[in-house]
Every structure is written in structure tokens, then in C-alpha cells.
Amino acid sequence: MLDRRQFVSAAAAAALGATSREAFAATGKPEKTKLRVGFIPITCATPLIMAKPLGFYAKYGLDVELVKMPSWAALRDKAVAGELDAFHMLSPMPLSISLGTGSAQVPMKLASIENINGQAITLAKKFQGRINGPKDFKGLKLGVPFDFSMHNLLLRYYLAGAGVNPDRDVQIQVIPPPDMVAKLTVGEIDGFLGPDPTNQRAVYNEVGYIHMLSKEIWNNHPCCAFAAQAAFVKENPNTFRLINKAIIDAAHFAHDANHRADIAKTIAVKEYLNQPEEVISAVLTGSFNDGHGGHENVPDRVDFSPYPWHTYSYWIISQLQRWKYIKGSVDYEGLSKEVFLTEVARDLAKEVGFKTPPADFQSVKLMYDTFDPRFAGEYLAKQKRALLSA
Amino acid sequence: MSEAIVTGSIGDPEREPKRARVLDDTTKAAIAFAISLVVIVGAWQLYAMSGYASKLLPAPGAVAVNFFEAVRDPFYSHGDNDKGIGIHLLASLGRVAAGFAIATLIAVPLGIFIGLSPVASKAFDPYIQLLRPVSPLAWLPIGLALSKSSAITALFVIAISSLWPILLNTIYGVRAINPVYLNVARTLGTSRWNTLRHIVLPAAAPNIVAGLRIGIGIAWLVIIAAEMLIGGTGIGYFVWNEWNNLSVASIITAIIVIGAVGLVLDRLFGVLHDRVRFGE
């Protein structure tokens with residue numbers, strides 16, 4: 001349940017301090033100043049990482065240690081155990097962990113979205129010219145970074161919409177991002193829907209090509225998020241608000257196309273992503289080689305927009321039900337309000353001086369259909385019928 | 001060396017033995033080692049150049065450059081996630097020392113108890129037989145569930161993996177004590193404590209140390225894998241972080257370092273083993 005009292009007092013405090021840009025104007029002093037935040041070394045983590053070298057964490061009185069994690073499973077285990085304070089997560093993870101699907105049940109809060117777009121389907125070089133659409137994917141072995149990832153849900157959406165059953169007609173395996181390029185290199189998998197820079201790294205190593213960017217499946221889809229245990233948020237409301245604010249601030253900074261080349265230089269180092277700078281730069285500037293002879297310019301290949309629309313959680317829940325990760329019925333509204341701190345994110349964005357949408361919902365257009373969160377049930381039923389008849 | 005002299009003398013008693021012509025075994029072994037190393041590295045170089053190898057495989061030259069760069073400045077620190085290989089190595093060694101100490105403190109007393117008591121031996125046997133063959137990494141989730149801390153989990157996994165050889169060798173060592181020693185002690189009215197201290201422990205020591213030697217090898221084996229899964233610091237994390245950048249050259253560097261440290265640990269217990277001989 002959303003802690004009403006906490007929310008109201010936070011909102012009131014935000015209203016009082018809305019005009020001030022002083023560090024603690026809207027919030028009280030942080031309860032805890034030394035924080036450890038877990039992240040996976042991919043470009044999605046850009047706002048969370050950049051808040052450190054930009055000095056945003058320090059500006060809000062926080063001393064943040066960024067802890068690099070080897071896989072989403074290891075990060076989930078730390079989240080469930082409460083070993084770190086806050087986390088870079090795939091946006092379905094706070095929902096799935098709160099429900100206890102695929103892990104112990106621990107209530108989580110999704111504070112803000114890190115990036116939108118920023119994924120792609122990469123295929124092994126040998127498929128060049130042989131795969132022209134989702135129907136040609138039949139029989140392939142494909143990697144996704146985690147079950148509870150937008151990558152997995154978007155890949156399944158892409159295939160199922162063309163009548164390819166993702167559970168029967170292809171093999172989908174969970175593979176940590178760094179292993180994806182290696183497995184593609186040695187031919188253990190045929191392709192993957194992976195986070196960046198993994199896709200661009202496959203191009204750089206000349207082992208794969210970019211079949212399509214995920215923005216072609218759903219433009220401006222959510223990807224990764226910033227989250228923490230509900231218990232941590234409750235015990236450290238000011239701290240959590242301040243770190244969330246620093247990250248939202250950094251997301252807006254990263255949204256600016258003029259900053260992207262510098263960001264690439266900053267995060268490519270061993271301390272953060274440990275990747276060749278030109279790979280990261282190709283992803284962030286959107287000026288990249290696609291691995292089959294073309295050079296493309298897609299400035300919003302990845303973008304940074306922290307606003308956690310409830311539309312996102314509704315769509316994620318519907319797809320988790322569609323693929324039976326969640327069995328039985330789910331209270332869409334209750335779960336979304338409990339997990340997505342949309343109102344707080346809106347207040348914080350205002351505090352750092354950015355415009356945000358006034359609504360929690362909007363209809364979105366995807367590759368095969370339009371998703372209206374008000375009719376999520378009908379949307380799901382229609383998708384299920386379509387796949388049965390395929 | 002003595003062999004060479006002896007052969008020389010027997011073959012031609014009139015002359016001085018020609019020691020320079022006949023190579024001793026150590027020199028022969030060194031030459032064989034050098035030749036095999038050249039062959040292995042040469043084959044590696046050819047394979048890497050042939051085009052059959054995957055693009056992940058570096059040539060030996062690239063590994064040599066990487067190795068000397070890593071070893072030249074092993075203790076640099078450019079932030080929490082970018083530290084020299086020496087810092088990671090120390091973190092791993094610290095973990096192994098702690099986990100191994102826990103295993104020893106549990107396994108040696110327990111092993112002596114089980115070794116001396118036929119009832120305890122039968123009672124504990126099912127646990128030992130069931131748990132001993134379990135893969136170290138299967139303990140990771142259990143450790144995490146029990147402790148909620150990956151630092152403690154790492155110690156737990158090392159301790160529980162290196163425990164078994166120490167325990168089994170201690171039990172065997174105690175059972176193998178010549179009963180004459182114990183009978184003499186009993187006849188002389190020696191107290192239980194003094195029997196333990198002056199007869200059981202010294203007599204079982206060679207076997208216990210043999211168990212410790214196997215145990216430290218396992219601990220060193222396990223820590224790399226555990227750190228790769230858990231993250232943080234340590235040589236296993238170093239390997240994973242380089243894998244993240246698909247830098248196989250750095251991983252081979254790490255393998256050389258890991259192997260060298262494992263060798264040193266093994267030799268340390270070898271020296272200890274030579275010192276605790278009893279009654280021979």
C-alpha cells in the first residue's frame with residue numbers, strides 16, 4: 001500500500017519548497033548520507049552513474065558508492081536481501097519482486113524511469129539478408145537479459161504479433177548482457193534482444209548486425225528504472241527523495257543531445273561500463289554503423305525520461321499475465337499505485353525545473369496495436385485470442 | 001646429482017667422472033619444460049593467426065603486454081569499480097583466509113571427536129556422505145538466504161567447501177593412530193586432555209595437514225567462482241569485469257596470477273606437512 005501519510009507530508013513539503021532550488025528546501029535532512037547503489041554496466045544506467053561525476057549526489061548531501069553487479073539475478077538477490085540501499089533495475093522488476101514472482105516477495109518502489117528506448121534486436125552475421133521479419137525467426141535461439149525485462153516482453157510481443165509463438169517456435173534464454181556477445185561470437189545463440197551497448201558491441205566486434213531498434217516496436221518504451229525496497233523508502237524518506245531527485249536531474253541532463261558525447265567519454269571507463277568509448281558514443285549519439293553496411297542517424301536510439309507513467313506498469317502487468325509469469329488476476333490499479341511513485345517523480349521534476357505531464361496515463365501506439373491502459377483487460381484478451389488462432 | 005657421480009665412477013673408475021656431460025634430472029626437467037612452453041605458445045600463436053579461432057582469442061603477445069601492464073601497477077585505484085589486480089588479490093586472499101580458518105576450527109575438533117567415538121562416527125556419516133559431493137556454488141543461494149549478506153555468503157561457501165577434506169583427513173588421522181600409544185597412555189594414567197594434546201593431535205597431525213592442504217586448494221578454487229557471481233571486490237570479480245569487456249587477454253593474465261597464488265598456498269602447506277612428521 002502507498003503510505004498515504006508519508007506521501008501527503010512529502011507532497012506538502014514539496015509544495016512549500018517548490019520555488020526554492022536549495023538542496024534541502026523541499027525535504028528534510030537525509031536520514032542516511034552514505035549509500036550503496038547497485039547497477040548493471042549498460043547505457044541504461046546513465047542517469048544513475050552520471051549523477052556521481054556531475055556532483056548531483058554531493059549537491060544533495062549524499063555520498064553514493066556505485067556497486068557494479070554481474071547479472072540481474074545477482075542484483076535481484078541483493079534487492080531481496082536488502083544488502084544495498086537502492087538499485088538500477090529493469091522496469092518490470094519492482095513489480096515482479098513486489099508480487100513475489102520469480103523471487104521472494106518484497107514490496108518495492110519504482111522511483112523513476114532511467115531510459116526509454118535503448119534496446120535492439122541483434123542477429124549473427126550469417127543471417128544477413130536471410131531474416132526480413134518476425135516470421136523468419138522461427139527456430140532461432142535468442143537471448144534476453146532477464147525474464148522480468150522489457151527486452152523479454154518486447155521480443156515476445158514482436159514475435160507473437162506475427163504469429164510466432166515465443167514459447168514454442170523459438171528458444172528464448174536468459175543470458176547476462178556481457179555473455180550475449182560472447183555467445184553470439186561462438187555461435188551458441190543466433191541473436192538477442194539486448195540492452196545497449198551490447199548490440200553495438202556485437203557490431204564493433206564484427207559478429208552481429210542490428211536487425212532493428214526496440215523503438216521500432218514501441219517508440220519511447222520504458223527500459224530501466226531506479227528502485228528501492230519499500231521498507232528503505234519508509235525508513236529513509238528524505239534520503240530517498242534526495243537521491244531520486246539527483247537521478248531525475250541527471251536524466252534530464254542526459255536527455256540533452258549536446259551532452260551525449262561527453263557522457264559517453266565519462267561512462268565508458270573501467271570504473272563504470274568498461275567498454276570502448278566509440279561503442280558507447282555510437283549508442284548515445286545515435287550515429288552508428290548497423291553492422292550490415294549502413295550508417296544510421298537515430299538521435300533517440302536511447303533517450304532519458306524519468307517520468308514513470310502508469311501506462312508502463314499496466315502494459316508490463318498485462319504482458320506478464322500474457323506469458324503466464326503471473327498466474328491469476330492482478331489489481332492493475334492497486335499494484336501500479338503501490339509500486340510506481342509517479343506523483344513523487346512529478347514533484348521532483350518540478351523542483352529541479354523541468355516540465356512533466358499532468359496525467360498518470362496515456363494511450364500509446366505500439367507496432368501492432370494501441371494500448372489504452374483503461375482497457376488493459378480487453379487488450380490482453382485480444383492478444384491471447386490472436387495467438388491461439390495463429 | 002649423486003646418481004650422476006655414481007654412474008660415472010662405475011662406468012670408468014680410472015678417470016674423473018664427467019659431471020658436465022651428464023645432465024641431472026632438474027636440468028633435464030627444466031629443458032623439457034622450456035621446450036613444451038615454446039611448443040604450447042607457438043601452437044597458440046598459430047591457432048590465433050589461423051582464422052579458425054574465435055575472435056575472442058588473443059594472441060600470446062597481447063597477453064604478455066596485458067600481463068606486464070597489470071603487474072607493473074597492481075595497487076592502483078581509480079574508484080570503487082576500477083582497482084588494480086593486487087587489490088583484488090588481497091581481498092580474495094583475506095576472504096579465503098577467513099573462510100578457511102572457520103572451516104579448520106570446525107573440522108579439526110569435529111574430526112577428532114568423530115575419529116575417537118565410533119557412535120559419533122556412525123551418527124555423522126549420513127551428513128558427511130550426503131553433503132560432501134555437493135557443488136560449492138549450490139551453497140550460494142543458501143548462504144544468501146541465511147545471512148542476507150554476500151560478504152558472509154562468500155565466507156560460508158569457502159568454509160563449507162573446504163571443510164570436508166579437513167574433516168575426513170582428521171577422522172582418518174585419528175583412527176590411524178597406533179593403538180599402542182593410546183594403551184600406553186591409558187596404562188600410565190594420563191588424563192584425557194593430556195592424551196589429546198600429547199598423543200592424538202601430534203600423531204594425527206600429518207593427516208590433518210594433508211587435509212588442510214587439499215582444503216586450501218579447494219577454497220582458492222571456490223572463491224574465484226563465488227566472487228564472479230556475487231560481485232564486489234576480489235580476483236573473481238576482476239575476471240568478471242574483464243569478461244564484461246570481452247577482454248580475454250586480461251582473463252588469461254588473471255589465470256596466471258590465480259595459478260601462481262594457488263601454487264604458493266599449496267607449497268606453504270607442503271612445508272608445514274614436512275614439519276609435523278610424527279613417530280616415523
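**Group meeting: the A–B contact and a sheet in chain A**

Okay, so the contact takes 26 residues from chain A and 22 residues from chain B. Keep in mind that this is a predicted model. Which part of chain B gives the largest share of the side that touches chain A? That's α10(B), with 4 residues. On that side of chain B, α9 (192-230) and α10 (235-244) each supply at least two residues. If you sort the chain B residues on that side by type, you get 10 polar, 8 nonpolar and 4 charged.

Now let's move over to chain A and its sheet. Here we have 5 strands forming an open sheet, and the order is β8-β7-β9-β6-β10, with mixed pairing. Why do β8 and β10 each have one side without a neighbour in the sheet? Well, β8 (171-174) and β10 (208-213) of chain A stand at the edges, and each has a single partner strand, so one side stays free of a sheet neighbour. On average, neighbouring strands in this sheet are turned by 25° against each other, direction ignored.

Let's zoom in on one pair. In chain A, β7 (residues 141-144) and β9 (residues 191-195) run in the parallel sense, paired over 2 bridges. If you want a spot to click on, G143(A) stands opposite F192(A) in β9(A).

Then there are the helices. Helix α6 of chain A, residues 150-160, lies across β6 (119-124), β7, β8 and β9 of chain A, and runs at about 135° to β9(A). Helix α7 of chain A, residues 177-185, packs on the sheet too, touching β6, β7, β9 and β10 of chain A. The direction of α7 makes about 155° with that of β9(A).

Technical notes
Residues are numbered from 1 along each chain as its sequence is written. Chains are lettered from A and ligands numbered from 1 in the order in which they are written. This is a predicted model: local features need pLDDT of at least 70, side-chain atom pairs count only at pLDDT 80 or more; totals for chains, interfaces and linings use all residues. Two strands pair if DSSP finds at least two bridges between them. Axes are lines fitted to C-alpha atoms, for helices over the stretch in contact, and angles run from 0 to 180 degrees between N-to-C directions. Two residues are in contact if their C-beta atoms, placed from the backbone, lie within 7 Å. Ala, Val, Leu, Ile, Met, Phe, Trp, Tyr, Cys and Pro count as nonpolar, Asp, Glu, Lys and Arg as charged, and the others, Gly among them, as polar.
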